[in-house]
Amino acid sequence: MSNTGLPPGWEVRHSNSKNLPYYFSPATKESRWEPPAGTDSEKLKNYMGQHHSAPGARQEAMGATDGKIRASHLLVKHNGSRRPSSWKTPEITRNKDEAMDIITAHQQRIERGDISLGDLAKTESDCSSARKNGDLGFFAKGEMQREFEEAAFKLQPGSMSGIVETASGLHLIERTA
């Protein structure tokens, strides 16, 4: 197993079209967004935090246009989530109560000022946006899951939501523009 935490024959590559990392096996030509079975999740999390996160990520236009807003989020999935896997964990087995405990602890750390949502999302979010500090870019109404969208559009720029539940899992959302 390499320092990436991936099983032998797998490597991390970068998708130019989606601007996100993915996992690739040159021998089999298989590519996937979620880590392959046999991945050391802790090693992968550390590797991705060091090599595939975007502190000082490209700044897109700062102002929202055409009714769009910009937000970042931190996602904690559970075994009842729509896709119970992530960039750091091939199969998520925690239940919803365990996910709630985890995201509540994250929320408390952020609210105390111990860490920013973006910095925490880099290593703890189950969304591939983690490499961009949880940044989802600009989006308009109708582009996100209803519960997520409703919470995000209610926020003022610079504010963070409470815990929001969607089919994807549990979110903390920070509106950035």
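The exercises below, each with a worked solution, concern a predicted model of a single chain.

**Exercise 1. Overall make-up**

State how many helices and strands the chain has, and give their pattern along the sequence.

Solution. Begin with the count: the secondary structure comes to 4 helices and 7 strands. Next, read from one end of the sequence to the other; the pattern is β-β-β-α-β-α-α-β-α-β-β. Burial can then be added: of the 177 residues in the chain, 47% are buried. For the contacts, take those with a separation of 6 or more; residues 24 or more positions apart account for 59% of them.

**Exercise 2. The sheet of 3 strands**

Work out the strand order of the open sheet of 3 strands and identify its edges.

Solution. The order is 1-2-3, and the pairing is antiparallel. Strand 1 (11–15) and strand 3 (30–32) each pair on one side only, which puts them at the edges. From one strand to the next, the twist averages 35°. Now take one pair: strand 2 (residues 20–25) meets strand 3 in the antiparallel sense over 3 bridges. Within this sheet, Y23 stands opposite R32 of strand 3.

**Exercise 3. The sheet of 4 strands**

Find the order of the open sheet of 4 strands and explain why strand 5 and strand 6 each have one side without a neighbour in the sheet.

Solution. The order is 5-4-7-6, with antiparallel pairing. Strand 5 (135–139) and strand 6 (164–166) stand at the edges; each has a single partner strand, so one side of each lacks a neighbour in the sheet. Direction ignored, neighbouring strands here are turned by 40° against each other on average. For the pair at one end of the order, strand 6 and strand 7 (residues 169–175) are joined in the antiparallel sense over 3 bridges. E165 stands opposite L170 in strand 7.

**Exercise 4. Helices against the sheet**

Determine which strands helix 3 lies across, and which strands help to cover the buried residues of helix 4.

Solution. Helix 3 (residues 117–124) lies across strand 4 (69–76) and strand 7, and runs at about 45° to strand 4. For helix 4 (residues 146–154), first list the buried residues: F148, E149, A151, A152 and F153. Their cover includes strand 4, strand 5, strand 6 and strand 7.

**Exercise 5. Two residues compared with the cut-off**

Decide whether S72 and R131 are buried or exposed, and place each in the chain.

Solution. S72 is found in strand 4. Its relative accessible area is 7%, and the cut-off for buried is under 20%, so S72 is buried. Leaving aside neighbours within four places in sequence, the contacts of S72 include L117, N133, D135, L136 and L172.

R131 lies in the loop between helix 3 and strand 5. With a relative accessible area of 14%, R131 is buried as well. R131 is also 83 residues from M48 in sequence, yet the two C-alpha atoms are 7.3 Å apart.

**Exercise 6. The largest pocket**

Describe the volume and lining of the largest pocket.

Solution. The volume is about 520 Å³. The lining consists of 23 residues, and L75, R82, R83, C127 and S128 lie nearest the centre. Strand 4 and strand 5 are the elements that give two or more residues to this lining. Sorted by class, the lining residues are 8 nonpolar, 8 polar and 7 charged.

Note on methods: Residues are numbered from 1 along each chain as its sequence is written. This is a predicted model: local features need pLDDT of at least 70, side-chain atom pairs count only at pLDDT 80 or more; totals for chains, interfaces and linings use all residues. Side-chain values use heavy atoms; hydrogens and water are left out. Two strands pair if DSSP finds at least two bridges between them. Axes are lines fitted to C-alpha atoms, for helices over the stretch in contact, and angles run from 0 to 180 degrees between N-to-C directions. Contact means heavy atoms within 4.5 Å. On a 1 Å grid over the protein atoms alone, a cavity is a set of points where a 1.4 Å probe fits but cannot get out, and a pocket is an open set with protein on both sides within 12 Å along at least five of seven lines; lining residues have an atom within 4 Å of a point. Grid points are joined across faces, edges and corners, and a volume is the space filled by probe spheres set on the points. Ala, Val, Leu, Ile, Met, Phe, Trp, Tyr, Cys and Pro count as nonpolar, Asp, Glu, Lys and Arg as charged, and the others, Gly among them, as polar. Buried means under 20% relative accessible area, exposed over 50%, partly exposed in between (1.4 Å probe, protein chains only).
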